[in-house]
Amino acid sequence: MAKEGADMTEETEYMIDKNVSKEAENVESSGDAKEMRAVVLAGFGGLNKLRVTKKAMPEPQDGEVKIRVKACGLNFLDLMVRQGTVDNPPKPPLVPGFECSGIVESVGENTTGFEIGDRVMAFVNYNAWAEVVCTPVDFVYKMPEEMTFAEAAAFSLNFVAAYMMLFEVANLREGMSVLVHSAGGGVGQAVAQLCSTVPNVTVFGIASCFKHAAIRDSVTHLFDRNVDYIQEVKKISPEGVDIVLDCLCGENTAKGLTLLRPLGTYILYGASNMVTGETKSFFSFAKSWWQVEKVNPIKLYEENKVIAGFSLLNLLFKHGKCSLVKSVMDKLLCLYDQKKIKPVVDSLWALEEVKEAMQRIHDRGNIGKLILDVEKSPTPLYCMTLMVEGTEEEERVGEMAINWQL
């Protein structure tokens, strides 16, 4: 009897374990249908604040579209979000990212214009770096048939911002001249392409010298960002330029204003000079804005110069200019269909490689846009980084992974 009892106990324990395993599998399967992978910023700071984790999958609310994400855009602005240097960011933990492309999975009540299965690109007020996003229908646009998901994720923010600065703010016309900083970046390349759609426009590009070979054909004149480009530009155009597009801020603002012709427009649309290290530097922040504050408003009207600021995301999410942005997107898609513009994709990265991708932007190593490919598997060397995460080997292996990918 003792043996029989023992056998029954073992059999009972086996059945219990088996049933528990089945229940766990069922819960996991059920959970998978309601959960998704997402990049989460646990707190403002360095790269170690980013993690890929499971989150509850959102469902579309009234007037929203639910998108199964294929690709997400990564911008210098995202570095500033990570460091906490942007104005009024959401309280962490948060999912970063402002643009994505994918397939419509469902739509909320009172949502028209899109059907399940549509290929779309969209603006998102954060939360883009995830497998699924929900965003208001006013921020969603259908993709051209020939456009890839990676191109779509590189298209919306860069080209809309470039177009609006050139044509809505600065009124670019035939025969004018434009100076653009970070000419090798996503916005810089969009600016160069859009300028080529207007006859006889001269483009002065500023970029790191190692990018010159790749982007030389996209601009009229190209200069190293580490040389005195002011004097070089004046040698070619003594009167200066009509438009300056500045994503750097700081000392470049005062310098750039000296290059403006009468009735010229200086547009500040970023502040990447504030990002000098992995974490926020209050000294860099204060220095950049102090240098901008030195701009004398009296001289502006004496010299007939215009200085403007531009933020596409604020225009969309704070000022409600969705219809204006849609009209710009329609014009851009026509230019794309005519093969006059095409987004430049630098590289594709898995969600798990977001730290390495951010480091590439921080180092100004990209030519064009970096894309987070939601379906891409991380490289083998990155898996090694995960295995040793939290050890003294993490930094060394992470550097190996970056070098291997480049």
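This report describes a cavity, a set of paired strands and the cysteines of one protein structure. The structure is a predicted model.

**The cavity**

The structure holds 1 cavity of 30 Å³ or more. The space in the largest cavity comes to about 30 Å³. Its lining consists of Ala 154, Asn 158, Phe 159, Gly 186, Gln 189, Ala 190, Gln 193, Lys 342, Pro 343 and Val 344. Two elements, helix 3 (149-169) and helix 4 (186-195), each give two or more residues to this lining. Helix 4 gives the most, with 4 residues. Sorted by class, the lining of the largest cavity has 5 nonpolar residues, 4 polar residues and 1 charged residue.

**Strand 8 and its partners**

Helix 4 also takes part in another arrangement: together with strand 8 and strand 9, helix 4 makes a right-handed β-α-β unit. Strand 8 covers residues 177-180, and its side chains point in two directions. Ser 177 and Leu 179 point one way, while Val 178 and Val 180 point the other way. Which of these four residues are buried? All of them are buried.

Strand 8 pairs with strand 9 (residues 202-207) in the parallel sense, and strand 8 also runs parallel to strand 11 (residues 241-246). The table sets out the two pairings.

| Partner of strand 8 | Bridges | Residues that stand opposite each other |
|---|---|---|
| Strand 9 (residues 202-207) | 4 bridges | Leu 179 and Phe 204 |
| Strand 11 (residues 241-246) | 3 bridges | Val 180 and Leu 245 |

Leu 179, which faces Phe 204 in strand 9, points the same way from strand 8 as Ser 177. Val 180, which faces Leu 245 in strand 11, points the other way, as does Val 178.

**The cysteines**

How many disulfides does the structure hold? There are 0 disulfides in the structure. Why does Cys 100 form no such bond? The closest cysteine sulfur to that of Cys 100 belongs to Cys 72 and lies 6.1 Å away, which is too far for a bond. A disulfide requires the two cysteine sulfur atoms to be within 2.5 Å, so the sulfur atoms of Cys 100 and Cys 72, at 6.1 Å, do not qualify.

Is Cys 100 buried or exposed? Cys 100 is buried, and its relative accessible area is 0%. Cys 134 has a relative accessible area of 18%. Buried means under 20% relative accessible area, and therefore Cys 134 counts as buried as well.

Methods
Residues numbered from 1 in each chain as written. Predicted model: local features only at pLDDT ≥ 70, side-chain atom pairs only at ≥ 80, totals over all residues. Heavy atoms only, no water. 1 Å grid on protein atoms, 1.4 Å probe; cavity = no way out; pocket = protein on both sides within 12 Å on 5 of 7 lines; lining within 4 Å. Points joined across faces, edges and corners; volume = space filled by probe spheres on them. Nonpolar A, V, L, I, M, F, W, Y, C, P; charged D, E, K, R; others polar. Buried < 20%, exposed > 50% of the residue type's maximum accessible area, 1.4 Å probe, protein only. Pairing = 2+ DSSP bridges. Right-handed = clockwise from strand over helix to strand, strands pointing away.
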